[in-house]
Amino acid sequence: MVKIIIYTGLSLPFDEAKEILDSHEGVEVIYKRPIKRGDLGHDIKENPDIIGIIDGVFHQNSSVGHKEILNIMNKGITVVGASSMGALRASELDTLGMIGIGYVYEQYATGKVTSDDDVAVMLDSDTLESLSEPLINMDYVFTNAVNENIITEMQKDELIKIAKSTFYPKRNYSQTLNSSNLDDETKNKLINFIRTSADIKKEDAKALIRYIREMIK
């Protein structure tokens, strides 16, 4: 029996995660809420073979520590990270054996992103619904908007500057666009583009689960 624990629920809802990988013959998959400090020490009692870290708390409680993850890996447990807290910790521990997956991980690993504020969001602790927009998603979408000639590089810089200066629980597209100097036509084009753009944190979360699915085949 292969046992897998995956911490998510924010970047990727549990029901969508289970559509990619759920418990089946010879495999037990346990989905848990965003990880916080102390969870690994408790959850190791369930004897997992693989742990996937997607979401974690940043400011509501103490974040999962590096030593906690190292202690888990030293016991022979495979730890994979992506999307949010998982991407951040993977970028810091990849040389020590943690596996990083996806765009957000690469942004941290290459030093293009350095602050945990870039992936932090305000969430409803009951429903795990995101109540703000992560900066990493906004930067990804605005960069693509430049590539599609919807906005200029200068306009993107203005939007990112506004978003960065906004405290993360209040960060969202509406507030950012309304605080900018973009003309109405450009705003409308950008709004339509945003509506059809991928949620890169969610895509990375899916990629982590697919990676684990391939690992156990």
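This briefing walks through a sheet, some helices and a few single residues in the structure above. The model is predicted, so please read every value here as computed from that prediction. At its heart for our tour is an open sheet of five strands, ordered β2-β1-β3-β4-β5 with parallel pairing. After the sheet we visit helices α4, α3 and α9, and then three residues that sit in loops.

**The sheet as a whole**

- Start by finding the two edge strands, β2 (27-32) and β5 (99-101), each of which pairs on one side only.
- From one strand to the next, the twist averages 20°.
- Which strands pair with β3? One is β1, joined to β3 in the parallel sense over four bridges, and another is β4, which runs parallel to β3 and is joined to it by four bridges.
- Moving on to the edge, β4 (residues 78-82) pairs with β5 in the parallel sense over three bridges.

**Following bridge partners across the sheet**

- Tyrosine 7 has isoleucine 53 of β3 as its bridge partner.
- Isoleucine 53 also stands opposite glycine 81 in β4.
- Valine 80 has its bridge partner in β5, namely isoleucine 99.

**A closer look at β3**

- In a regular strand, the side chains alternate between the two faces of the sheet.
- You can follow this in β3, where Ile50 and Gly52 point one way while Ile51 and Ile53 point the other way.
- Are these four residues of β3 buried or exposed? Ile50, Ile51, Gly52 and Ile53 are all buried.

**Helix α4 on the sheet**

- Helix α4 (residues 85-93) lies across three strands: β3 (50-53), β4 and β5.
- Relative to β4, helix α4 runs at about 120°.

**Helix α3 and its two sides**

- An α-helix has 3.6 residues a turn, so residues three or four places apart point the same way.
- Helix α3 (residues 66-74) has Glu68, Ile69, Ile72 and Met73 as its buried residues.
- Because these buried residues cover an arc of only 135° around the axis, they lie on the same side of α3.
- Lys67 and Asn74 are exposed on the other side of α3.
- What do the buried residues of α3 pack against? Their partners are α2, β3, β4 and α4.
- Just after α3 comes glycine 76, which takes a positive phi of about 90°.

**Helix α9 and its neighbours**

- Helix α9 (residues 184-195) has 12 residues, and the distance from its first C-alpha to its last is 16 Å, close to the 16 Å expected at 1.5 Å a residue.
- Which residues of α9 are buried? They are Thr186, Lys187, Leu190, Phe193 and Ile194.
- These buried residues are on the same side of α9 because they cover an arc of only 125° around the axis.
- Asp184, Glu185 and Arg195 are exposed, on the face of α9 turned away from its buried side.
- The buried residues of α9 pack against three other helices: α6 (135-147), α7 (153-165) and α8 (173-178).
- At the start of α9, look for aspartate 183, where a side-chain oxygen comes within 3.1 Å of the backbone nitrogen of glutamate 185.

**Threonine 8, in a loop after β1**

- Threonine 8 belongs to the loop between β1 (2-7) and α1 (14-20).
- Why does threonine 8 count as buried? Its relative accessibility is 0%, and buried means under 20%.
- The side chains of threonine 8 and aspartate 55 make a polar contact (3.4 Å).
- Not counting residues up to four places away in sequence, threonine 8 touches several residues, including Phe14, Tyr31, Ile54 and Leu128.

**Lysine 36, in a loop after β2**

- Lysine 36 has its place in the loop between β2 and α2 (39-43).
- With a relative accessible area of 34%, lysine 36 is partly exposed.
- Leaving aside neighbours within four places in sequence, lysine 36 is in contact with Val57, Asn61, Ser62 and Val64.
- Lysine 36 and alanine 198 are 162 residues apart along the chain, and their C-alpha atoms are separated by 27 Å.

**Arginine 171, in a loop between helices**

- Where is arginine 171 found? Look in the loop between α7 and α8.
- Arginine 171 is buried, with a relative accessible area of 0%.
- Among the residues that arginine 171 touches, not counting those up to four places away in sequence, are Asp117, Glu133, Met138 and Lys164.

Methods
Residues numbered from 1 in each chain as written. Predicted model: local features only at pLDDT ≥ 70, side-chain atom pairs only at ≥ 80, totals over all residues. Heavy atoms only, no water. Buried < 20%, exposed > 50% of the residue type's maximum accessible area, 1.4 Å probe, protein only. Polar contact = N/O pair within 3.5 Å; in protein donor to acceptor, adjacent residues only side chain to side chain. Contact = heavy atoms within 4.5 Å. Pairing = 2+ DSSP bridges. Axes fitted to C-alpha atoms, helices over the stretch in contact; angles between N-to-C directions. Expected span 1.5 Å × (residues − 1). Arc of directions from axis to C-beta.
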